[in-house]
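I sat down with a new structure today and kept a notebook as I went. Here is what I looked up, in the order I looked.

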Amino acid sequence: MTFVQWQFLVFFAIVFAIYWSVGRRAQNLLLAVASAVFYGWVHPWFLGLLYGSAVLDYVMGRLMVERPARRRLWLTLSLAGNLGMLGWFKYADFFVANVAAALDALGLHTSLHTLGIFLPVGISFYTFQTMSYTLDIYRGQLEPRRNFLDYVVFVSFFPQLVAGPVERASNLLPQMERERRWSWDQLLSGIHLAMWGAFKKVCIADTIAPYVDKIFVLHDPSGPLIWAGTLGFTLQILADFSGYTDIARGTARMLGFELMENFRHPYLAANPSDFWRRWHISFSSWIRDYLYIPLGGNRGGQLGVLRSTFGAMTLSGLWHGASWNFVFWGVYHAVLLTGYRLVTPRIPASVRRSGPGRVAAVAIMFGFTVVGWLIFRETHGDRLLAAFTKAPWAASHDQWVATVVMLATTAAFALPLFVALAWETWVTPRLVTWRGRLALETTLWATWAVAMATFVRLSTTDFIYFQF
Amino acid sequence: MSDTPFPLPGGAVGWTLAAALPVAVVAGWWAWMTRPLPAEPSPIAQGFARTLASDPPRVVVLGNSIARVSLVAPQLSEALGLDGGVAKLTIDGSNSAHWYTILEHSVYEAGYAPDLVLIPNLPAYALDPVPHSPIVQVRLDELLQPGDALVRAKVRGGSPVPWWTERLTARRLDVRAFVLDGLKAASVDLVFGGDGDDVRSRGLATADPALERVFGADGAVDMDLHAAAMPIVEVRGEASTDRPITLAGSLIPDLVQLAAAHGSRVLFVRMPVLPDPEILAREPADAVADLVDLLNDAPNGGYLDLSGLPVPATAFNDTVHLNDLGIRAFMDALVAYVDEVDVLGDTPFPRARPPLVPLQVGRTGTPPPLDAPEVRPWGGDGLGCCSLAVAPALDGLDQRALLGRGLVAVSPVRVSVDGTPLRPVDALADHGDGCQGTSRHPRRALEVCPTRPIGDGAVQLSLDPGLPVTLDGTGHPSWWVYPHTAVTLTLPALEADGVLRAAWVHTAGDGATSLTVDDVAADVDVRDLRRVATATVPAGRPVTVALSSDGPFALLQALGVETDGQLQMVVGSAAGLRGLPLRLTTGAKRDEHVDVVGPALPAVADGPLQAIASGLVLWPSTALGAMGDRARTGRQPGRACNPVDVLEDGAPLPGPNTSLRDLQQGTAGYLLEPRGVLFRSSDGTDPLTNGRTYTVRRTDDLPTPRCEGQHWVHPGGTLTATHDAVGVLTGGADVLELLATTWGPDAEVHVTVSADGAPLLDVDVDTTALSGGLLRVPLQRHLPASTSAVVFTLTVPDDGPSLLLDGANLVERPLTGEVDTPDAVAITPLPAPPVHAADADATVTPEAGGLAVVTTTTPRSDGACLAPVPASGKLFLGGRITVRDVRPPDHPRFGAYVVVHWLDADGVPLRKDDDRPLTTSSRLAAVGTPVDVDQGWRVPEGATAAQVCATFVGATGTLAVAALTAEAR
């Protein structure tokens, strides 16, 4: 089940109705059951992995306090278990394929075959979430929980289970453990957030996606077309990911929970460091807190920073997918971060802080981000290399036509995001106390709803009608 | 949008607006999106509208080309006592999906209220709603209107969707296309400009072709990436064609209901067909029974089964379409029905009789065990664990052999390996990786694919005991009768005495078969390998029908009971009671070769060239014009093919059959019309003044598709048709059918038929006999089913007419009760076969039809011999001999033989070292049934001639020699 299926609407309506008519304990029980239904909807055996990870970390957490002498062992077991599970399901085939390729390259022919392991959805998210629990306990920043139900709800909370945000136990667990109070404000803002997220996902991301896909399956796209497609992907990935997160936050808010913000206008970042404070915030902060800093962080001189940066970003890239292009993407961002640290001191602060300077910084960073997305999107190394070696201005007339169409469509579908930004910046503050705002909002929701009903892609029918 | 909390309305107005405005938005969207969709009537629908408007019908005829060709509206109209009032609303290739749509939209919604909806067609087309070609699908799409959810659902194979779903879907796609195409057009127009009236048309005119070249060109897309990135989807409108055909899945029940709701009756007329394997394989027997039940039970339904109409094979242009002869027979039958039944009134239609379902079926007896086959590796691109298994005793049971004889059946041979049965499959792909435990019998060698390589494993063959035999429930149900077994069917009690008709074919092995009804032998008409039986079936009690074999494998093709003129089938269809003709010149799908050799005759004009319009000229000749494009041959109006070339200074003009409109608009070419040849020069200059010479000549060199199997033979010309592999003639052939038209003076055309070099017919036919319609000429000798080459010739004398040959077929002797045809012309019988008595003990008696009966009373007589023939290389012997009254019977060695005496250059018989005569012999084992002699021997060293004799060795009896030829090659 996904957030943009009608089944989820029915599911959530039922959960919502029952949720607010019972007490906290019953609410948590309901959430645990609902989360199991949500996650196990397509593949019930996924629940085994989820609860297995949860039980492991619950026990390890308890042991870290009850048998502190071996805290390191319990943490190791927790990390090994979670990373092992993640490694098996996500990276085993990648590993086998690369070993076989390497041996082949050395003339050692093997009969190694990939296993075709099925990747359980959300495993990258909840393993990191449960690891943050044991890591925080290990660091003494969190007390292990006795109430297994509350803990299970924290691990399996359906709004954020499959696509984040990667919640910290210190943020979400306490919310599980206290009473949730009904609030109209909470409900309406939650609806707003969820509807906006759904609109971004359905109307923007899913509309742009086939255009991008068509460009990236061409045998020999021209340079301009590749970059136009990459721009389209830039829009697609933001709309898709931030949309999904907004739906998660909106539904959680309707249930009285506040999940952490995950995207804060990332394409307005002025530098790489700023970018990672705006993009997938929950994940980047996890990487910072549990990987970058333990690797040394900013300590250890330039080499130390280099090691920490590259280590953290490489693994960040790898987290996104079992493919070398993701690794390269991580390394690319490590290079950007390193480069930023080296170059920035050489730019006068007055320039950096000036209006034009800031605009230029945002534009340059956007350009770097787009380049990164090309690395992220193109999974074939040879095609990636070809994309970078092609002149970005050389194309036949037909390819230029396709480029123009792609750019125009991207620009048009990016417009709602600009409008939203402008609205948020200049209009919303003026409507804070306006009593008529609810009517405006509900009308807006209805407009988003009919737009979604018009633009939603119903797989078969819509794909066949797609003409570039 | 931020997370800033917002205030709630303070009063009722605020809350009301907060609730009402979104509702208004959604309601407005819904209303706009689900408003009725515009519908543009298709050209076909417009045509129907004009037809109906010109003559409001009391009878509407729905169907495809079968209905269009077969039903003669004026004749039906007259039979019904109407003045017009019969509207044919047919679409070639259509099925019940089209017919329902036509009835709904073109007839009832347009305000017409016919009394009768007549559907003359085949159940296979009526019950399968899926269009089977893109063109037919397009025709349906053009007819369908928004909201035709029922038809779309049935074509798709699902349930009808709510009306609003269809409109929403259509509008959603329109809106998206509008937005996205608008973006595309505007951006491209802005950057590149273009030609067009507005931004959208300009932009799209530039964008679409460019995008098609970028994304749609061959090889543009990496299909591996595509498959990974984008789902594989079905093209809209193409439903699966693999689902079974059922009544409920068709539009027929809905059509009947629709008609009833508008006060119309429905009469389905099942049409006759030829037993083409492809047609027969599509017959959905269960669904037909359901159809009959539906129409019997519906107050407004009627079913008339004319599938058993006794029309000869030459009444068909192809397997499903009747020609003029067949159309006359069909219309006579239909008129007879409407004379008897008040089809336009309120009297219920007579109940039709559905197919008879046997109370019991079974096999008795035990077939002989099958020898273990020879197992060979599957060479070349062998498949997985597969091997080949060959068993000569099973020749004739494989799919290829069966199909080659026009038999629709599955092989009955089953394979086991080490006791583990393999699953029989139909297609090569069904073997999968070749280790799936499957077997297949497509050709002589069986494909044996156990789950692991056979190695030393034992391959066992057996016969499927099922009845009928299928391939694990799929494939055409095949009623096999095995050697020394019988198939029994217990038929339910009939309401009235009936006549049982059955047809079966010997496919492999020697021996005899017989059919009994309650142990009483039926009259069996033996036609080579085909047997046709009739027997009386009494009413009032169940009867047991048994088909038994004392030797051969037999395939029961059809079995039905005719009662009160209605034929109810038990096995197969009525078409299976007919024999398939051998089409010598038309419609043959394999091994047909027709040559016409003759002079290109100059034609003589009636007068000088006449100017018709600027550059368009008439070469007048009413004699030629009678043979022209628009000439009515009386057979198939408009089907005449143009036998004329027009030469401009010796070079042929484009043509023939350039359309009149093209000629009028300046295209070079020519057309033969009743006045003569209308033509335009190659460069448009006026033929009257451009100084060139124009010659018109008759020619036979014509593109075949234009002539649709017809052939011109002009004076001095000879048509030769050769045909290999005549296996479809399981009954052999005894009659030549000719259908032709002539233009010019009457004369005698010379017709010959020979088979494997032996003459079967050699006659002169007066063209006046041809002008009377179908001419049936008995062959002077039987053409056996084992014939491997047939040659037909037709020669027109120099002073004769131009002859347009519609068709020449070889057919079995006619069934009784077939349509009367003009008497055959008197023919001059051929001399008796060149067989003479070799000794005083043998008597050779010529009999009618060219038989020579050899009777010998002395064992070891030389019997009857052909004159010696030169022999070198190989000697081939052909013929047909029936052995009777052998004494002693059933002796393992003594009996009838064909003996070849090898002679030296002086005509003296060669001898072996032990001084015995050097002979080669072949025993004629079968007694009582004709034996095809088809032998070849290497000529021994020293022999220069051979004398072939048919004789008895150690026995006495009678040899009826229908043919005996010897030829050295």
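My entries below cover the cores, one sheet and one pair of helices.

**Entry 1: before starting.** I reminded myself that this is a predicted model.

**Entry 2: the cores.** I began with a general idea: in soluble globular proteins, nonpolar side chains tend to be buried together. Which residues touch the most other members of the largest nonpolar core? I found Val61(B), Leu62(B) and Leu556(B), in a core of 178 residues. Strand β24 of chain B, residues 553-563, gives the most to this core, with 7 residues. I then looked up a second, separate core, which has 124 residues and includes Met131(A), Met195(A), Cys203(A) and Val217(A).

Next I went back to Val61(B) and set aside its neighbours within four places in sequence. Among its remaining contacts I noted Ala67(B), Leu71(B), Lys88(B) and Leu118(B).

**Entry 3: a sheet in chain B.** I traced an open sheet of 4 strands and wrote its order as β29-β30-β34-β33, with antiparallel pairing. Which strands are at the edges? They are β29 (610-613) and β33 (669-673), and each pairs on one side only. On average, neighbouring strands of this sheet are turned by 30° against each other, direction ignored.

I walked across the sheet from β29(B). It pairs with β30(B) over 3 bridges, and Gln610(B) stands opposite Leu618(B). The hairpin of these strands has 2 residues between them, and Gly615(B) there takes a positive phi near 80°. Is β30(B), residues 616-620, mostly covered or mostly open? I found it mostly covered, with 4 of its 5 residues buried.

Going on, 5 bridges join β30(B) to β34(B), and Leu616(B) faces Arg680(B) from the opposite strand. Another 5 bridges link β33(B) to β34(B), residues 676-680. In that pair, Tyr670(B) has Phe679(B) as its bridge partner.

**Entry 4: two helices from two chains.** Two packed helices are described by the angle between their axes and the distance between the axes. I looked up both for α18 of chain A (residues 397-431) and α10 of chain B (residues 199-215): the axes come within 8 Å and cross at roughly 110°. Angles of 65 to 115 degrees count as roughly perpendicular, so that is how α18(A) and α10(B) lie to each other.

Which residues meet there? From α18(A) I listed His397(A), Val401(A) and Val405(A), among others, and from α10(B) the list includes Ala207(B), Leu211(B) and Arg213(B). By class, this contact has 7 nonpolar, 3 polar and 2 charged residues.

Key:
Residues numbered from 1 in each chain as written. Chains lettered and ligands numbered in written order. Predicted model: local features only at pLDDT ≥ 70, side-chain atom pairs only at ≥ 80, totals over all residues. Core = buried A, V, L, I, M, F, W, Y, C linked by C-beta atoms within 7 Å. Buried ≥ 20, exposed ≤ 12 C-beta atoms within 10 Å, placed from the backbone. Contact = placed C-beta atoms within 7 Å. Pairing = 2+ DSSP bridges. Axes fitted to C-alpha atoms, helices over the stretch in contact; angles between N-to-C directions. Parallel < 35°, antiparallel > 145°, perpendicular 65-115°, else oblique. Nonpolar A, V, L, I, M, F, W, Y, C, P; charged D, E, K, R; others polar.
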